[in-house]
Amino acid sequence: MSILVKDYGVTKNGEQVKQYILENANGVKAVLLNYGAVLDRLYVPDKDGKLRDVVWGYESLEGYEVNGPNLGAVIGRNANRTGGAQVTIAGKTYELQKNEGENNLHSGEPAYGRRVWKAVIVDDNQVEFSLYSPDGDQGFPGNAEIKVSYTLSDDNELLLSYTGKADQDTVFNLTNHSYFNLDGQESDSVLDQIVWIDADAFTPADAKLIPTGEIRSVEGTPLDFRTPTAIGARIDEDDEVLKAGGGYDLNYVMKQEGEYTLCASMYSKESGIRMEVRTDAPGMQFYTSNALVDEKGGKNGKVYGVRSAACFEAHYFPDATHHDNFKTTIVKAGDIYRVKAGYKFSVEK
């Protein structure tokens, strides 16, 4: 295996962006950008051996420089939602951007997914991206060094490993916001694809999607994916969680938190592609692109719409700093934050 590096474009600020292409012995190909540490393309062979690009993205750098839905981007310093757009660390309250009503979503601007990261080729199957986030960046304390590496193995797993370290107590909660459709770029809907999630519970939220602090069983609800179920089978049922999110947009409680293990899967009968999701994070946001309304500028002129893809965002629970029963996202000065998430592909004919 080797890594091909290409010029991708120049940002509006005159910064050079490069494309890093990883390909394994089975033809699986991951295309990465040092802009936003984005997973730009992910080609996977289907049941007929045809390569399908199974992640949503843009045709050019101009799309990624806007990228409101964060297609393929790394999210930080804190992924997901923070109630009241503020965090309190060691008795001091820090104000964040109110970019979703009175709350904060994905940390605000300048977003990590719209910055140029430093890139280093670590091995013939691994690229590491790093970002310096200064004290006060997005409202968070501490000068921080963030790293995310992508490793493509010959058993068809794309592994993402995140680390963070700062000189003050701060929040770290990183994730990748890739949108998956296992039928590829020709598909307009993910509703027929079958999902399994190994979670007995979720963290219910209010009408603004801010967690209440409760941990609730999925038993007897349309949120229960412990038996493999088509995404669209129950998505329009009369359920308060589904109504609040316009579909699935909720955080599941992982059973094996702290242990890198299988936690979810998605399968397409049409393509025969199966994706297994692994993580050691305590939670995973399952999101069915409910707000992706006619997102233009996609690959080959594609327009991405509502419920056209699904996200599996491994991370700590949303709004964790406001709930003592959630594992904290506050990392002490000098300590190292570490999380892993992986996507492994196979074919069923």
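A nonpolar core, as I will use the phrase, is a set of buried Ala, Val, Leu, Ile, Met, Phe, Trp, Tyr and Cys residues joined through side-chain atoms within 4.5 Å, where buried means under 20% relative accessible area, with exposed over 50% and partly exposed in between, for a 1.4 Å probe and protein chains only. What you see above is a predicted model, in which local features need pLDDT of at least 70 and side-chain atom pairs count only at pLDDT 80 or more, while totals for chains, interfaces and linings use all residues. Residues are numbered from 1 along each chain as its sequence is written, and side-chain values use heavy atoms, with hydrogens and water left out.

The largest nonpolar core has 66 residues, and of these Tyr252 and Phe312 touch the most other members. Leaving aside neighbours within four places in sequence, Tyr252 is in contact (heavy atoms within 4.5 Å) with residues including Ile197, Phe225, Met284 and Phe317. Apart from this core lies another, of 17 residues, among them Tyr8 and Tyr64.

Turning to the strands, which are DSSP runs of E with at least two residues, numbered from the N terminus, and which pair if DSSP finds at least two bridges between them, 9 of them form an open antiparallel sheet in the order β11-β12-β13-β14-β27-β23-β22-β17-β20. Its edge strands are β11 and β20, each pairing on one side only. Inside that order, 9 bridges join β13 to β14, and Ala144 stands opposite Ala166 in β14.

How many disulfides, meaning pairs of cysteine sulfur atoms within 2.5 Å, does the count come to? The count is 0, and for Cys263 this is because the closest cysteine sulfur, in Cys311, is 14 Å away, too far for a bond. Cys263 is buried at 4% relative accessibility, and Cys311 is buried at 0%.

Methods:
Helix = DSSP H or I, 4+ residues; strand = E, 2+ residues; numbered from the N terminus. Disulfide = S-S within 2.5 Å.
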